[in-house]
Amino acid sequence: MTINERAMPPLDGDERTNLAAWLDFYRETLAMKCEGLTDEQARTASVAPSPLTLQGLVQHLSEVERNWFRRILAGEDAPSLYGPSSSAEGHDGGFELSDEVSFAAACATWREETARSRANCAARSLEDTSPFGPGRVSLRWIYTHMIAEYARHIGHADLLRERIDGSTGV
């Protein structure tokens with residue numbers, strides 16, 4: 001996929017199609033923001049004191065995909081990908097970088113997690129629920145939450161990429 005290619009979500013699709021398409025749209029936007037970067041560029045922090053990097057965003061979104069679509073939706077026992085989380089909830093990590101994980105490896109892991117997410121959603125309806133906290137959460141809610149999660153982080157990725165090489169848009 002080139003820098004300007006993404007599938008536009010359908011303008012007249014049903015709810016399920018639109019939710020899945022918007023999530024995929026943002027996933028591909030992240031991939032486009034990361035396209036062509038070296039390890040060094042992907043590890044370039046935004047501005048002090050923030051340590052935020054594009055690799056950290058990719059790793060974080062791998063953890064988020066794993067948490068919502070594997071642990072919560074499918075009930076899998078899926079350990080953290082990038083070590084213990086620094087968040088109180090224990091599912092929000094991935095931002096920290098390690099010399100043992102290359103940018104290419106982080107991107108491959110993220111692609112694997114998104115593929116597993118799609119597979120875990122395929123046989124479920126939007127009304128299907130899974131245990132979450134003291135109650136239950138629907139696949140519809142998870143899709144909506146994930147769209148918001150990606151949209152928020154795409155804004156970060158825009159700023160990071162512009163700082164790295166001046167690329168804007170997409």
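**Helix packing, aromatic pairs and cysteines in a predicted model**

At 38% relative accessibility, F132 counts as partly exposed. The model in which this residue is seen is a predicted one. F132 belongs to strand β1, which covers residues 129-132, and its ring has a partner in W68, a residue of helix α3 (residues 54-72). W68, in contrast to the partly exposed F132, is buried, with 5% relative accessibility.

A pair of aromatic rings is described by the distance of the centres and the angle of the planes. For W68 and F132 the centres are 5.0 Å apart and the planes stand at 45 degrees, so the pair is classed as tilted. This pair links distant parts of the chain, since 64 residues separate W68 from F132.

The count of aromatic pairs comes to seven. Another of them joins W22 and F25, with 5.2 Å from centre to centre and 70 degrees between the planes. This arrangement is edge-to-face, because the angle is over 60 degrees. Unlike the pair of W68 and F132, which links distant parts of the chain, W22 and F25 both lie in helix α1 (residues 15-34), three residues apart, or about one turn of the helix. W22 is partly exposed at a relative accessible area of 30%, whereas F25 is buried at 15%. Ring pairs also bring in Y26, so that W22, F25 and Y26 are linked into a cluster.

The segment before α1 contains P10, a partly exposed residue with a relative accessible area of 29%. Although P10 and W22 are 12 residues apart along the chain, their C-alpha atoms are separated by 8.9 Å. Leaving aside residues up to four places away in sequence, P10 touches T17, N18 and A21.

The next topic is the packing of the helices. Two packed helices are described by the angle between their axes and the distance between the axes. Helices α1 and α3 pack at about 155 degrees, with 10 Å between their axes; they are therefore roughly antiparallel to each other, and their crossing is left-handed. On the α1 side the contact is made by L23, R27, L30, K33 and C34, and on the α3 side by L54, V58, L61, E65 and F69.

Helix α3 also packs against helix α4 (residues 103-122), where the axes come within 9 Å and cross at roughly 25 degrees. These two helices are therefore roughly parallel to each other, and this crossing too is left-handed. Among the α3 residues that meet α4 are V58, L61, E65 and F69, each of which also takes part in the contact with α1. The α4 residues they face include F103, C107, W110, E113 and S117.

Two residues from these contacts, C34 of α1 and C107 of α4, lead to the cysteines. A disulfide is a covalent bond between the sulfur atoms of two cysteines. How many disulfides does a search of the whole structure find? The search finds zero. The cysteine sulfur closest to that of C34 is in C107, at 5.4 Å, which is too far for a bond, because a disulfide requires sulfur atoms within 2.5 Å. Likewise, C107 is in no disulfide, and its nearest cysteine sulfur is that of C34. C34 is buried at 8% relative accessibility, while C107 is partly exposed at 22%.

Note on methods:
Residues numbered from 1 in each chain as written. Predicted model: local features only at pLDDT ≥ 70, side-chain atom pairs only at ≥ 80, totals over all residues. Heavy atoms only, no water. Phe/Tyr/Trp six-rings, centres within 6.5 Å; stacked < 30°, edge-to-face > 60°. Helix = DSSP H or I, 4+ residues; strand = E, 2+ residues; numbered from the N terminus. Buried < 20%, exposed > 50% of the residue type's maximum accessible area, 1.4 Å probe, protein only. Contact = heavy atoms within 4.5 Å. Axes fitted to C-alpha atoms, helices over the stretch in contact; angles between N-to-C directions. Parallel < 35°, antiparallel > 145°, perpendicular 65-115°, else oblique. Left-handed = near helix turned anticlockwise from the far one by under 90°.
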